[in-house]
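Please look at the sequence and the structure that follow, and then read on for a guided walk through them.

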Amino acid sequence: MQREVEGGEFPPYKANGMAYIRFAKEDKELFKLLYMRDRSSESIPETTEQTDKIESIVHDNTGLSGTDAKLFHLEMWAYVHGIATMFATGFFDLDWELVSRMLTDSYQGLRKQYGME
């Protein structure tokens with residue numbers, strides 16, 4: 001998981017998504033335990049050090065801030081989590097070049113949606 005984030009293979013924001021997906025592929029059961037359990041009874045903080053850092057990265061890359069940066073990230077994260085979940089459940093097994101392209105396409109599509117070209 002650290003290889004994408006620390007290795008500089010991808011820009012920081014994309015690296016987080018790629019690492020999350022790789023974790024789901026390489027450690028399916030732990031991924032399911034951590035991220036695919038019923039969390040409805042848990043108190044999940046709206047903001048953490050991690051969410052602040054991600055929001056800052058989104059701002060640096062897009063210029064978005066506040067609610068727009070949060071929504072941009074939520075939309076990207078839903079896409080990343082969906083791909084990760086499909087890996088964890090064995091729904092499919094794509095090669096990393098295609099996963100990388102899919103994340104880029106989604107990111108660029110959102111940038112366009114928010115008026116950035």
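**Charges, fold and one helix**

The protein chain carries 13 positive and 20 negative side chains, and the centres of these two sets are 4 Å apart; here Lys and Arg count as positive and Asp and Glu as negative, while His and the chain ends are not counted, and a charge is placed at NZ of Lys, CZ of Arg, CG of Asp or CD of Glu. This is a predicted model, in which local features need pLDDT of at least 70 and side-chain atom pairs count only at pLDDT 80 or more, whereas totals for chains, interfaces and linings use all residues. Residues are numbered from 1 along each chain as its sequence is written, and side-chain values use heavy atoms, with hydrogens and water left out.

Six helices and zero strands make up the count for the protein chain, where helices (H or I, at least four residues) and strands (E, at least two) are DSSP runs numbered from the N terminus. The C-alpha trace spans about 35 × 35 × 25 Å along its principal axes.

Of the 117 residues in the protein chain, 32% are buried, meaning under 20% relative accessible area, with exposed being over 50% and partly exposed in between (1.4 Å probe, protein chains only). Among contacts (heavy atoms within 4.5 Å) between residues at least 6 apart in sequence, 63% join residues at least 24 apart.

Helix H6 covers residues 96–113, and its buried residues include Val99, Met102, Leu103 and Tyr107. The cover over the buried residues of H6 includes helix H2 (12–26), helix H4 (49–62) and helix H5 (66–88).

Methods:
Expected span 1.5 Å × (residues − 1).
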